[in-house]
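Me: I have a protein model open and would like to go through it step by step. Could you help me read it?
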Amino acid sequence: MYEIIGSQISNYIDQKAREFGYSDATSIISYINSSNLKYKSEAENFNNFRTLCWEKCEAIQEEVRQGLRNMPTLEQVIKELPDLNTMK
């Protein structure tokens, strides 16, 4: 899965970071040790979101490898990812 749509998932995650006004996921997560509590909270929340996204992708990939499901489209994968807005 990573080989096929991994970069598209990365782009999706970066787009979510841009919705918070950051240039990409790396930028928002760079504030994880900030003394500014707002930035720190956003970074921690986003880091958790990113981790959950990749864990879900790994789980889907394993299901495909085991023949439990067909390879999903990017849109199908995105529907299965956590909702950042409910994690705030």
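Reply: The following turns discuss the model shown above, topic by topic.

Me: What kind of model is this, and how are the residues numbered?
Reply: It is a predicted model, in which local features need pLDDT of at least 70 and side-chain atom pairs count only at pLDDT 80 or more, while totals for chains, interfaces and linings use all residues. Residues are numbered from 1 along each chain as its sequence is written, and side-chain values use heavy atoms, with hydrogens and water left out.

Me: How many helices and strands are there?
Reply: The protein chain has four helices and zero strands, giving the pattern α-α-α-α along the sequence. Helices (H or I, at least four residues) and strands (E, at least two) are DSSP runs, numbered from the N terminus.

Me: What box do the C-alpha atoms fill?
Reply: Taken along the principal axes, the C-alpha atoms of the protein chain fill a box of roughly 45 × 20 × 20 Å.

Me: And how much of the chain is buried?
Reply: Of the 88 residues in the protein chain, 34% are buried. Buried means under 20% relative accessible area, exposed means over 50%, and partly exposed lies in between (1.4 Å probe, protein chains only).

Me: Which contacts join residues at least 24 apart, as a percentage?
Reply: Among contacts between residues at least 6 apart in sequence, 56% join residues at least 24 apart. A contact means heavy atoms within 4.5 Å.

Me: Changing topic: how many disulfides are there?
Reply: A search of the whole structure finds zero disulfides. A disulfide is a covalent bond between the sulfur atoms of two cysteines; here it is taken as a pair of cysteine sulfur atoms within 2.5 Å.

Me: Why is there no bond at Cys53?
Reply: The closest cysteine sulfur to that of Cys53 is in Cys57, and because the two are 6.8 Å apart, they are too far for a bond.

Me: Are those cysteines buried or exposed?
Reply: Cys53 counts as buried, at 0% relative accessibility. Cys57 also has 0% relative accessibility and counts as buried.

Me: What about Glu42, where is it?
Reply: Glu42 is in helix 3 (residues 37-65). With 15% relative accessibility, Glu42 counts as buried.

Me: Which residues does Glu42 touch?
Reply: Not counting residues up to four places away in sequence, Glu42 touches Phe20, Tyr22 and Ile28.

Me: Tyr22 is an aromatic residue. Which cluster do ring pairs link Tyr22 into?
Reply: Ring pairs link Tyr22 with Tyr31 and Tyr39 into a cluster. Rings of Phe, Tyr and Trp (its six-membered ring) pair if their centres lie within 6.5 Å; planes under 30 degrees apart count as stacked, over 60 as edge-to-face and the rest as tilted.

Me: How many aromatic pairs does that rule give?
Reply: The count comes to three aromatic pairs. One of them is formed by Phe46 and Phe49 and is tilted, at 5.4 Å centre to centre with 55° between the planes.

Me: Where do Phe46 and Phe49 sit relative to each other in helix 3?
Reply: Because Phe46 and Phe49 are three residues apart in helix 3, they are separated by about one helical turn. Both Phe46 and Phe49 are buried.

Me: Last one: where is Ile78, and which residues is it in contact with?
Reply: Ile78 lies in helix 4 (residues 74-80) and is partly exposed, with a relative accessible area of 25%. Leaving aside neighbours within four places in sequence, Ile78 is in contact with Ile9 and Tyr12.
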